[in-house]
Number of protein chains: 4
Amino acid sequence: MDDPLETAKARTRILDAAEELFAGGGYDATPTARIAELAGVPKGLVFHYFPRKIDVLVSLVDERTLVTEEDVEAVPGDPAGTLSKLARMLPLRASPDMRRILFREADTHRSVRDRLGRLNAEIIRRSRFALELALPGSRGDAARLEAAAATFAAVLLYQESLCLLTGHHIDPDAVAELIAHALG
Amino acid sequence: MDDPLETAKARTRILDAAEELFAGGGYDATPTARIAELAGVPKGLVFHYFPRKIDVLVSLVDERTLVTEEDVEAVPGDPAGTLSKLARMLPLRASPDMRRILFREADTHRSVRDRLGRLNAEIIRRSRFALELALPGSRGDAARLEAAAATFAAVLLYQESLCLLTGHHIDPDAVAELIAHALG
Amino acid sequence: MDDPLETAKARTRILDAAEELFAGGGYDATPTARIAELAGVPKGLVFHYFPRKIDVLVSLVDERTLVTEEDVEAVPGDPAGTLSKLARMLPLRASPDMRRILFREADTHRSVRDRLGRLNAEIIRRSRFALELALPGSRGDAARLEAAAATFAAVLLYQESLCLLTGHHIDPDAVAELIAHALG
Amino acid sequence: MDDPLETAKARTRILDAAEELFAGGGYDATPTARIAELAGVPKGLVFHYFPRKIDVLVSLVDERTLVTEEDVEAVPGDPAGTLSKLARMLPLRASPDMRRILFREADTHRSVRDRLGRLNAEIIRRSRFALELALPGSRGDAARLEAAAATFAAVLLYQESLCLLTGHHIDPDAVAELIAHALG
DNA sequence: AATGAATGAGAATTCATTCAT
DNA sequence: TATGAATGAATTCTCATTCAT
């Protein structure tokens, strides 16, 4: 605890530990004492930085998930490729651990749920936008476009979680191709 | 305890109460004492029937979700309608509460996860089968069919959960139509 | 439970089960439910025969340990042989399990302790008597004879227990020889 | 909690209380709540220091029984006196309470049993050594010496317990004299 | 005699949180 | 900032015992 480098980052180390533990066993199942232990700080210090346990989760979500807003460059005439590209640059800047936390705790914690909602809306928006650009002449069905965007967003968002929970892997590129074909 | 209706099935009332409470606040957040209270039985009786708390959850999943296996009747030439019909008779005989429980607890409880995995596999299988029947001449792309089935299953399964978590409603019929168009 | 042979002996089977379990894990650590289970009888029946749990232990001690009172035949001039013979026909008619129970529960249950006390007194009495007969001319030290009898009784009684607890085996014959030499 | 005497050592007070209660009613029969109560600390603090109840017992045995290893000074030519002296400085630094705990719980708790085994071995070793020194010319029977040492150790160790359980007091000095005579 | 559901008083243990230093 | 002892409410689970049938 004397190393200034170590000392300086107690708060960071607490968040690191929490991220790992929340992702592993879930928020409820993680005692603050174990966070402190893994972070290598005394128990009291956790409450110094985060007066209530829930604040650790909130801070984690606030500081470690970022819903970016840069749009993908659409390739006109190639909706499948455009969606695939979007899939590869998901507007969620977050570690895999943070992603698990986001999905897992959304059910029970409003602030997490809000963040997930915003993320979903953003993916839908960008999918729709990308598809519009990629399909220039698409005077086509707006409702179908909407369904396509929502479906793609759902697949992107839940892909990992789905695989984890059901054991079935789903390939975003194949879905991109499917959707492109539907709108083509 | 004299009311015959009450007396009939303490065990059933315990499961009823648990179903409601687990769906509401989650498994972890539900003390067995509250299950007993809502069921109108003494605390000890819960443990008489379910030696560990987790057994309540396991029994619930075992006894109250049924993955049926009757296939949907496909309408040749109408894949969209066929999928819509399938959506309406989900091979999951379970209350909305049980469905929430299934998704929420799958993350942490293997037996629940297993059941969810089986359910997902069954929906995929049936979607694929329905599409094959509905598209007689589909010498078409097997991979695309697969992607379609998996996508439709994901949407069906996560529909409710997605809406709850992200606030965004997704219409299975629109997705059915989308997929039909992609394969048509 | 239909076999008359089985039915007839429910009480006996309960005691059998209790004997085994009490010896194994101790009285306190043995739930009545497990006694019933091992005995193959419903839980309620245990309380039919033994209104309180302690009654099982008391009955066991009452019915399954017998402090016999037949004296050993002393061999004049051979105190060591006489004691050895006495060791081999301990005035305790009891299974090894019952013996463990006797020693283990004496500490906490008066009725068991009483039985153990009586047993000890009887062994001392018989040892003294045997030694007197075997050492005809022993107008010797009465106090030393008393110490010898008490020592031999202690060794006999605690032999097994001592071995179990300390891992050190003590040979009654060697002690008999030792004592004979001391008095000879 | 302001009294400095009280404040000094909550942990110590917990062990004090446990020592008293375990000796009195036994480990199983002593709820942690009563330990806390007697120690004058909140229940939770017991578990702060001793995560599981058994840790209280283990700590007690670890910290409050000491098997010393200083040998007794033998008096050549006076084996009885030497043994008596040994009896008076038992190689067990422990309160009477701790001694009761040691015997009572050895049956069910390995760590306690181990300590008792070591203690017994040490007493035998010392008795043998003392006798060898006290009987210089004893080229005598090694087996008899062994039996003597084991017997004396058994008597020393079980003396109290024996008296408590059987109501019969046994005098170590008389046994010492007896043994001396046997080897003399 | 037989049965097993019902009861409820504890038991150990967990843990967020406070607080004095 | 840092520390870890202190607190006590809450929780899961155990079990002897009762009782209606």
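I began with the meeting of two helices across the chains: Ala174(A), Val175(A), Glu177(A), Leu178(A) and His181(A) of α10(A) touch Arg144(B), Ala147(B), Ala148(B) and Thr151(B) of α9(B), with contact taken as heavy atoms within 4.5 Å. By class I noted 5 nonpolar, 2 polar and 2 charged residues there; Ala, Val, Leu, Ile, Met, Phe, Trp, Tyr, Cys and Pro count as nonpolar, Asp, Glu, Lys and Arg as charged, the others, Gly among them, as polar.

A note on the source: this is a predicted model, where local features need pLDDT of at least 70 and side-chain atom pairs pLDDT 80 or more, while totals for chains, interfaces and linings use all residues. Residues are numbered from 1 along each chain, chains are lettered from A, and side-chain values use heavy atoms, without hydrogens or water.

Next I looked up the geometry: the axes of α10 (residues 172–183) of chain A and α9 (residues 142–166) of chain B come within 9 Å and cross at roughly 95°. The two helices are therefore roughly perpendicular, a label for angles of 65 to 115 degrees.

Then I took the whole interface. I found 35 residues of chain B in contact with 36 of chain A. The buried area is about 3100 Å², 65% of it from carbon and sulfur atoms; this is accessible area (1.4 Å probe) lost on putting the two parts together, summed over both.

Last, I checked the charges: the rule finds 6 salt bridges across the interface, each a side-chain nitrogen of Lys or Arg within 4 Å of a carboxyl oxygen of Asp or Glu. Asp107(B) and Arg104(A) form a salt bridge at 3.1 Å, N to O.

Key. Axes are lines fitted to C-alpha atoms, for helices over the stretch in contact, and angles run from 0 to 180 degrees between N-to-C directions. Helices (H or I, at least four residues) and strands (E, at least two) are DSSP runs, numbered from the N terminus. Angles under 35 degrees count as roughly parallel, over 145 as roughly antiparallel, 65 to 115 as roughly perpendicular and the rest as oblique.
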